[in-house]
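Here are some short exercises to work through with the model open beside you. Try each task before you read its solution.

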Amino acid sequence: AIVDGHDLVPDLAKAPADLLVLHHGFGHARPETLDRKAATLATFASLVLSIVATLGGGFLDRFPSTWAVLLYVVGLALLVASIGLSMLVLIPKEQLTLGMEYLRRFPDWSEIRKPPERTRGEVMAALLRALARERSLNRTKVRLVRLAFVCLFVGLGLVTLQAAILALERL
């Protein structure tokens, strides 16, 4: 379709690709943010774990009963779970983009002679598949970070309870 001397088909064919590139570029900030949160969470939980593991012996010396051991062990287990979940988020993953096999085809004459609209469509479809895989990975990371925060929160609550019991016992 030609309107005011402009061929709209190539322009319309370019628009979704431009939008996809723009949208895909903004999508990279979120995984980095999740990785930073997970790293901070793992670091904090590790520090708390080392302090609790070291000082928890005093709690168990004062209260050698089953409930105290259970409180101590569950608190430690939740802190360890928080660290483990955070580390799962930080495991390096392959960057999700166009595959190398797909890119190696472009210098071939069969690809060069293709109409530009068809090539753009194929590239856009491949980018959309990569974006969908990346979004799925981000959803998994969000679930893991949330669960790690819950484990840390409950673990800190149990550690606080241990400290309060020790403080009340000394009164």
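Buried means under 20% relative accessible area, exposed over 50%, and partly exposed in between (1.4 Å probe, protein chains only). This is a predicted model, where local features need pLDDT of at least 70, side-chain atom pairs count only at pLDDT 80 or more, and totals for chains, interfaces and linings use all residues. Residues are numbered from 1 along each chain as its sequence is written, and side-chain values use heavy atoms, with hydrogens and water left out.

**Exercise 1.** Work out in which order the elements of the protein chain run from the N terminus.

Solution. Start with the inventory: six helices and two strands, taken as DSSP runs numbered from the N terminus (helices H or I, at least four residues; strands E, at least two). Then read along the chain, which gives β-β-α-α-α-α-α-α.

**Exercise 2.** Find the salt-bridge partner of Lys 141 and say which parts the pair ties together.

Solution. Apply the criterion, a side-chain nitrogen of Lys or Arg within 4 Å of a carboxyl oxygen of Asp or Glu. The partner is Asp 35, at 2.9 Å from N to O. Next, place both residues: Lys 141 lies in helix α6 (residues 116–170) and Asp 35 in helix α2 (residues 29–62), so the bridge joins parts 106 residues apart in sequence. Finally, check accessibility: Lys 141 is buried at 7%, while Asp 35 is partly exposed at 25%.

**Exercise 3.** The structure holds two salt bridges; describe the one formed by Arg 62.

Solution. Arg 62 pairs with Glu 169, with the closest N and O atoms 2.8 Å apart. This pair links helix α2, home of Arg 62, to helix α6, home of Glu 169, across 107 residues. Arg 62 is partly exposed at 42% relative accessibility, and Glu 169 is partly exposed at 38%.
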